[in-house]
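Trainee: Could you take me through one part of this model slowly, the metal sites, and then show me what surrounds them in the rest of the structure? I would like one connected answer that I can follow on screen.

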Amino acid sequence: MENHTQPLDFIQDKQGKKGIFAWIFSTDHKRIGILYLVSITTFFLVGGLLGGLMRLELIAPGETVMSPQTYNAFFTVHGIIMIFLVVIPGLGAVFGNFFLPIMIGARDVAFPKINLLSWWLYVTGAILALLSQFAGNGAPDTGWTFYAPYSTESGTNVVAAVFAAFVLGFSSILTGLNFIVTIHRMRAPGMSWFRMPLFPWSLYATAWIQVLATPIVGITLMMIVAERLFQIGFFDPSLGGDPILYQHLFWIYSHPAVYIMILPAMGVITEIIPTFSKKAIFGYKAIALSSIAIAAVGYFVWGHHMYTSGMSTTARWFFSFLTFIVAVPSAIKVFNWVATMYKGSIDVRTPFLYAASFIFLFMIGGLTGLVLGSLATDVHVHDTSFVVAHFHYIIFGGMGFAFFAAIHYWWPKMFGKMYDERRANVAWLITFVGFNVLYFPLFIIGVQGMPRRYFDYLPQFHMGHLISTIGAFILLTGIFLMIYNIMRTKKHGTPAGMNPWGGVTLEWTIPSPPPVENFEEIPTITKPPYTFE
Amino acid sequence: MIYLQIFSGASNMVEGVDRSFMVIFSISLFFLMGITATMIYFIVRYRKTRNPKATQIDGSNTLEIIWTVVPLILVMVMFFYGYRGYVIMREVPEDAMNIKVNGYMWDWDFEYENGKVSKDLYLPINKPVKLNLYSLDVIHSLYIPAFRVKEDAVPGKENYMWFTAQLEGEYEVLCAEYCGLRHSYMEAKAVVIPQEKFDTWLADYHPELNKDPRGLEILKANACTGCHSLDGSKLVGPSFKGIFGIQRIVLVAGKEKTVTVDEDYLLKSIKEPNAEVVKDYPANVMQSYSKVLTNEDMGEIVTYIKTLK
Ligand SMILES: [Cu+2]
Ligand SMILES: [Cu+2]
């Protein structure tokens with residue numbers, strides 16, 4: 001019997017569509033968010049599996065389980081999948097789509113159809129990326145950075161992979177555009193800019209980067225294609241081109257891309273800490289504005305990837321200087337998060353554990369970034385496993401752990417079911433330990449001179465690699481346990497209720513799962529977003 | 001262990017690099033420990049069971065200013081040390097000895113001022129050395145971890161690095177920029193020896209005697225020997241040794257076919273390397289050289305391969 005006073009939730013209400021079509025042709029932001037969740041999780045597992053196999057190859061010096069060509073293809077494909085299909089869309093596409101409209105009191109994003117188009121572009125790009133691995137002359141072996149002239153000369157399937165990244169770029173641009181307009185035009189009455197919650201703030205800063213920076217990488221990747229097909233001579237010196245030009249163009253996008261991943265992650269953490277501390281966020285404006293500062297200064301630091309490329313001496317110190325400046329707004333956020341806990345009433349639940357471990361891992365990632373931003377030390381550790389460890393602490397320890405935090409925080413809202421919290425905490429502990437055992441040794445062997453993207457290595461690095469490989473398998477165990485625990489809520493979940501954590505932002509004022517229209521009546525906002533009691 | 005490595009002074013660059021490393025490392029460790037400890041203390045001290053009611057605090061402008069300005073000052077200190085350790089790397093002393101470095105897939109050649117070419121980097125102790133870095137194909141990066149130096153060898157560009165080796169011994173020379181199949185095997189040794197020994201080593205060079213046959217010169221200049229060995233060992237492609245005149249199974253559009261390796265086959269393999277690939281070797285790794293080599297060059301190569309019995 002249908003209860004006519006309660007509207008159907010968005011999962012029950014298929015809007016007149018059947019089966020899978022209720023998903024893949026839905027323009028409901030919540031359904032699109034879940035489409036992304038499923039696709040991104042799938043690719044995360046594929047990328048993770050490739051990473052695990054690479055770690056297995058490196059368990060001992062010499063060839064163990066795969067040939068060098070396979071290894072080179074694996075780290076390329078691992079990078080392409082993880083960067084373009086997982087972490088760049090990541091939090092924005094999944095939780096941004098699902099929660100941005102709800103958190104600002106809207107019924108959907110500004111352009112629901114474009115939103116669906118973004119997902120379709122994502123899928124098209126993903127299929128192209130997969131095709132590039134299997135069709136034609138073998139998986140690309142250039143690294144996800146596609147450095148010229150290697151990428152313009154390699155006999156492997158580079159064009160398809162590059163074109164995939166190009167299509168994925170459009171998906172990202174459209175999502176960014178959609179979010180900007182949504183935030184500008186669709187906030188609930190009374191929600192001034194400084195009454196907007198901080199996850200939407202972080203998405204706003206991110207969206208500007210997506211819109212402004214992504215076209216640059218799109219053009220750059222097309223130049224690679226043109227170079228390969230028509231021998232134009234942009235980048236290949238044997239055709240009169242300049243390989244350093246490619247690096248500039250590539251990093252003009254790909255450095256800000258780091259902020260496309262990490263800003264929404266910071267936004268998630270900023271939501272979770274007040275909820276579980278039962279306390280208003282410390283320094284609301286400082287956190288909101290620091291997102292904007294990171295997005296703005298982050299455009300001008302790309303050259304720190306190129307200190308040893310032969311760039312001019314002036315450019316090198318200029319980029320180093322700005323790189324150090326951009327560290328400050330991140331530090332400000334960390335101080336404010338910790339200050340929020342002061343005199344709170346802290347309920348240590350699974351999302352909070354992920355958020356607190358995010359802070360720890362993000363600090364390690366950020367502080368080791370200072371070693372890479374500094375000129376003298378970067379000369380030594382550039383292109384070593386120190387860099388690999390650093391960006392995995394930022395991307396995986398940062399964005400990845402924020403994603404895990406978000407899924408544990410919002411899953412009960414999205415599906416109305418609560419997972420087994422004890423098992424979730426065990427999975428957290430295994431994941432956290434595995435992560436550090438996997439990546440920390442790479443800092444040490446990196447400082448000792450272990451270059452990255454090496455199929456084989458000198459005997460003195462064996463211990464570090466061995467420990468790291470063991471860590472990889474601990475980490476995978478934790479992740480599988482986590483996914484199992486979440487998936488099992490479908491049958492065994494307990495009803496979560498409207499507000500299981502005692503949160504105060506708008507998503508906790510509507511039923512779980514939310515109805516299609518989100519709000520029966522659009523709320524009027526009269527208070528700052530984190531008003532407890 | 002890390003400390004020992006960090007404070008060894010194998011080159012004059014070590015001090016600047018390691019000092020800025022230690023400055024950044026100490027400040028970072030202090031903050032990492034301090035913030036983590038504070039966080040854990042808050043979580044324990046203000047846990048729900050002990051502190052059931054939160055005290056609402058919106059923020060503090062004083063604190064915001066403090067934790068903006070203090071990190072700003074500290075990162076400027078870090079920047080300064082990094083800059084100081086780096087700036088000497090770009091200022092080459094006038095009396096530096098020049099060595100030309102050619103990187104190619106997947107080996108290094110070190111060419112000295114008198115024309116001597118070595119596979120290993122011999123260095124006189126306490127003498128400034130400038131390495132002029134060139135690449136014949138893709139980007140490589142010359143990296144000597146013990147010396148704390150690294151600079152890319154970029155095709156079409158002249159990069160450089162300099163240093164003074166200060167401790168006798170042998171050190172690893174690696175390639176740090178990913179350059180394809182045998183990237184991790186692109187290594188050499190830096191051998192630091194006393195000046196007198198170095199002078200003897202350098203003088204032991206007889207261009208007339210060691211002159212390579214023309215065909216071999218061309219093979220080396222085009223980095224062919226990175227994939228095709230001259231001694232029968234299997235690299236990416238088939239070795240040239242003893243290859244002339246024998247029969248080989250090749251794949252033509254997926255079908256096996258037996259060919260005799262004669263002049264025609266060798267020339268075809270240079271011009272269309274992927275048309276008839278020897279079985280068990282990867283296709284599409286090699287590019288056509290028909291635009292790179294002249295017909296005479298190709299002839300010289302074939303003549304040379306004939307001599308490799
Ligand atoms: Cu960067
Ligand atoms: Cu190389």
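Mentor: Here is a walk through the two metal sites, followed by some packing and the charged pairs.

This is a predicted model, in which local features need pLDDT of at least 70 and side-chain atom pairs count only at pLDDT 80 or more, while totals for chains, interfaces and linings use all residues. Residues are numbered from 1 along each chain as its sequence is written, chains are lettered from A and ligands numbered from 1 in the order in which they are written, and side-chain values use heavy atoms, with hydrogens and water left out.

Let's start with the copper ion (ligand 2). Its donors are His140(B) through ND1, Cys175(B) and Cys179(B) through SG, and Met186(B) through SD, at 2.1 to 2.5 Å. A donor here is an N, O or S atom within 2.8 Å of the metal (3.2 Å for Na, K and Ca), and because water is not among the atoms, sites may look incomplete. The angles among the four donor atoms run from 89 to 125 degrees, and the site is tetrahedral; four donors earn that word if all angles lie between 85 and 135 degrees. For reference, the ideal angle for four tetrahedral donors is 109.5 degrees.

Along the chain, the donors of this copper ion (ligand 2) are spaced as H-x34-C-x3-C-x6-M. One pair among them links distant parts of the chain: His140(B) sits in strand β6 (residues 140–144) of chain B, and Cys179(B) sits 39 residues away in the loop between β9 (169–175) and β10 (188–193) of chain B. Helices (H or I, at least four residues) and strands (E, at least two) are DSSP runs, numbered from the N terminus. His140(B) is buried, at a relative accessible area of 0%, and Cys179(B) is buried too, at 0%. Buried means under 20% relative accessible area, exposed means over 50%, and partly exposed lies in between (1.4 Å probe, protein chains only).

Now move to the copper ion (ligand 1). Its protein donors are His255(A) through ND1, and His304(A) and His305(A) through NE2, lying 1.7 to 2.0 Å from the ion. Their spacing along the chain is H-x48-H-H. His255(A) belongs to helix α9 (residues 243–277) of chain A and His304(A) to the loop between α10 (284–297) and α11 (313–341) of chain A, so this pair ties together parts that are 49 residues apart in sequence. His255(A) and His304(A) are both buried.

Next, some packing away from the metals. Ile180(A), in helix α7 (residues 158–185) of chain A, is buried at 8% relative accessible area. Leaving out neighbours within four places in sequence, Ile180(A) is in contact (heavy atoms within 4.5 Å) with Tyr204(A), Ala207(A), Trp208(A) and Val211(A). The C-alpha atoms of Ile180(A) and Ala207(A) are 6.2 Å apart, although 27 residues separate the two along the chain. On chain B, Thr36(B) lies in helix α2 (residues 14–45) and is buried at 13%. With the same neighbours left out, those within four places in sequence, Thr36(B) is in contact with Phe31(B) and also with Phe360(A) and Met363(A).

Finally, look at the charged pairs. The whole structure holds 18 salt bridges over all chains, each being a side-chain nitrogen of Lys or Arg within 4 Å of a carboxyl oxygen of Asp or Glu. In one of them, Glu263(B) meets Lys306(B) at 2.5 Å, N to O. This pair links distant parts of the chain, with Glu263(B) in helix α7 (residues 263–271) of chain B and Lys306(B) in helix α8 (residues 295–307) of chain B, 43 residues apart. Glu263(B) is partly exposed at 39% relative accessibility, and Lys306(B) is partly exposed at 29%. Another salt bridge joins Arg214(B) and Glu217(B), whose closest N and O atoms are 3.1 Å apart. Both lie in helix α6 (residues 214–221) of chain B, three residues apart, about one turn of the helix. A network of salt bridges also links Asp347(A), Arg349(A) and Glu421(A) with Lys48(B).

How values were computed. Tetrahedral: all angles 85-135°; square planar, octahedral: opposite > 155°, others 65-115°.
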